[in-house]
Amino acid sequence: NAKKSATGSFCFFSDELRRELDYRKMLERDMRSAIADRSFEVYFQPQVSLLNGSVAGIEALVRWPHPERGMISPGEFIPIAEKTGLMAEIGKIVMDKAIGAAAEWHHNGIQFGRLAVNASGTELREADFAKFLFGTLEKHGLPPQKLSLEIVESVILDDEKTGIAGKLRLIRAAGVHLELDDFGTGYASLSHVNPNEIDRLKIDRRFVQKINTNDDNSAIVKAITELARGLGISIIAEGAETEEELSSLLKIGCEQVQGYSIAFPMPVDQARSWLAQRSPKKPVIRLAASN
Ligand code: C2E
Ligand code: MG
Ligand code: MG
Ligand code: MG
C-alpha cells in the first residue's frame, strides 16, 4: 500500500506506522493533561565521591506516571515533548518540584551537595528561562550555589543565534553551576571546554561502561579526566554499573560517580532517606566527666 506523496516520492503508510502515529497523538494529548495536573514526577539519583564517600550531588530525572501505561521514561516522551512544544512546560514543573525538594533538604540539614537539573535547548531558548529559574530558587529559598544545570554540548554550539550563551553567563554569575552532560558524544571542540564557563564535565556512560575491560573506553575516560584536571574543571562519570567499573574509575582519578552501582534514581521520599542516612550526624553532646 505505497502511496504517492505530494512531493512525488513514495511512502509506505503501513499499519505499523499508523499505530505509531496514533500512539504519538495519544501521548501528546495525555501529556497536555499531565502538564495541567502537574503529574510529572521527579526522581533523584545521587552522585558520590569515591575518595571519601561524600555526596557530591544529586540529579533530578523526570518520570511520567501514565494512568494506563505505567511509568514512562524520559527517553520515550521527551522527544515528543520537544517536537510538540511541550518540553518547556514540563521542564518548569521539574524545576519547581526538584528545587522544592532540595530546599527542604537544605533547610533540614540533609546534605546533598548540589542539585543537578537537566535543561534542554528548547527550555533554555524560552525568553523567561532565567527569570523562572531565579524566581523558583527564591520562592523555595534555595541558594543558587546549591544548583547545577546539566546541558549537552550541542546547546552551547548554537548559542550565537539564540542568545543562550549570554543567558548561561547570567545564570552562572548568580552562582549556579554549569556542566556539560553526556560529554564526549557531541560536537563541542575543546574551545568550548572553558573553565570560565563550565564547572564540571560529565562523561557519557557509553565510555564508562565496561571501562575495566575495554581499553578504548579506559583511554577516553583517562584523557577527559586529565583534560578536566588540567583546566581545573570538576569531573564525574555517569552510568557506572559495577564495582569493577568503580575501581577502574578510581584508578584513573575520576573521583565522582553516578550510576546503578551507587544508587538507582529514587522517588523523592526514598532519596531523602538515602541522603539522611549519609548525612553526618549532629555531634553528640556529652556531659563533662565528673571524676
Ligand atoms: P542523562 O541526563 O544523561 O541522565 C542519565 C540517565 O542515565 C538517566 O536516564 C539515568 O536513569 C540513567 N542511568 C543512571 N545510572 C545508570 C547506570 O548505571 N546504567 C544505566 N544503563 N543507566 C543509568 P533517564 O532517567 O531515563 O533519563 C534519560 C535522559 O532524559 C537524561 O539523560 C536526560 O537527557 C533526559 N532527561 C531526564 N530528565 C530530564 C529533565 O527533567 N529535563 C530534561 N530536559 N531532560 C531530562
Ligand atoms: Mg543529565
Ligand atoms: Mg548524562
Ligand atoms: Mg547520558
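**Metal sites and ligand 1 in a predicted model**

Trainee: What makes Glu59, Asn118, Glu150 and Asp181 donors of the magnesium ion (ligand 2)?

Mentor: In this predicted model, the magnesium ion (ligand 2) is coordinated by Glu59 (OE), Asn118 (OD1), Glu150 (OE) and Asp181 (OD) at 1.9 to 2.2 Å. A donor must be an N, O or S atom within 2.8 Å of the metal, so these atoms qualify. Their spacing in sequence is E-x58-N-x31-E-x30-D. Two of them link distant parts of the chain: asparagine 118 belongs to strand S6 (residues 114-118) and glutamate 150 to strand S7 (residues 147-152), 32 residues apart.

Trainee: Why is aspartate 181 called a bridge between the magnesium ion (ligand 2) and the magnesium ion (ligand 3)?

Mentor: Aspartate 181 is a donor to the magnesium ion (ligand 2). Asp181 (OD) also coordinates the magnesium ion (ligand 3), together with Asp182 (OD) and Glu238 (OE), at 2.0 to 2.3 Å. Both ranges fall within the 2.8 Å cut-off, so aspartate 181 serves both ions. The two ions lie 3.7 Å apart.

Trainee: How do you know that the donors of the magnesium ion (ligand 3) come from parts that are apart in sequence?

Mentor: The donor spacing reads D-D-x55-E. Aspartate 181 lies in strand S8 and glutamate 238 in strand S10, so this pair ties together parts 57 residues apart in sequence.

Trainee: What makes Asp182 and Glu238 the protein donors of the magnesium ion (ligand 4)?

Mentor: Asp182 (OD) and Glu238 (OE) lie 2.3 to 2.4 Å from the magnesium ion (ligand 4), and because the limit is 2.8 Å, they count as donors. Water is not among the atoms, so the site may look incomplete. Aspartate 182 bridges the magnesium ion (ligand 4) and the magnesium ion (ligand 3), which lie 3.0 Å apart. Aspartate 182 is in strand S8 and glutamate 238 in strand S10 (residues 234-238), so the pair joins parts 56 residues apart in sequence.

Trainee: Why do valine 62, glutamate 241 and tyrosine 260 count as making polar contacts with ligand 1?

Mentor: A backbone N or O atom of valine 62 lies 3.1 Å from a nitrogen atom of ligand 1. For glutamate 241, a polar side-chain atom is 2.6 Å from a ligand 1 nitrogen atom. For tyrosine 260, a backbone N or O atom is 2.8 Å from an oxygen atom of ligand 1. The cut-off is 3.5 Å, so each pair qualifies. The protein covers 84% of the 790 Å² of accessible area that ligand 1 has on its own.

Trainee: Where does ligand 1 sit, and which element supplies the largest share of its shell?

Mentor: Ligand 1 occupies the largest pocket. Strand S4 gives the largest share of the shell, 4 residues. The shell residues divide into 9 nonpolar, 6 polar and 9 charged.

Conventions:
Residues numbered from 1 in each chain as written. Chains lettered and ligands numbered in written order. Predicted model: local features only at pLDDT ≥ 70, side-chain atom pairs only at ≥ 80, totals over all residues. Heavy atoms only, no water. Polar contact = N/O pair within 3.5 Å; in protein donor to acceptor, adjacent residues only side chain to side chain. Areas by Shrake-Rupley, 256 points an atom, 1.4 Å probe, with all protein chains shown as cover. 1 Å grid on protein atoms, 1.4 Å probe; cavity = no way out; pocket = protein on both sides within 12 Å on 5 of 7 lines; lining within 4 Å. Sits in = over half its atoms within 2 Å of the grid points. Helix = DSSP H or I, 4+ residues; strand = E, 2+ residues; numbered from the N terminus. Nonpolar A, V, L, I, M, F, W, Y, C, P; charged D, E, K, R; others polar. Donors = N, O, S within 2.8 Å, 3.2 Å for Na, K, Ca; no water.
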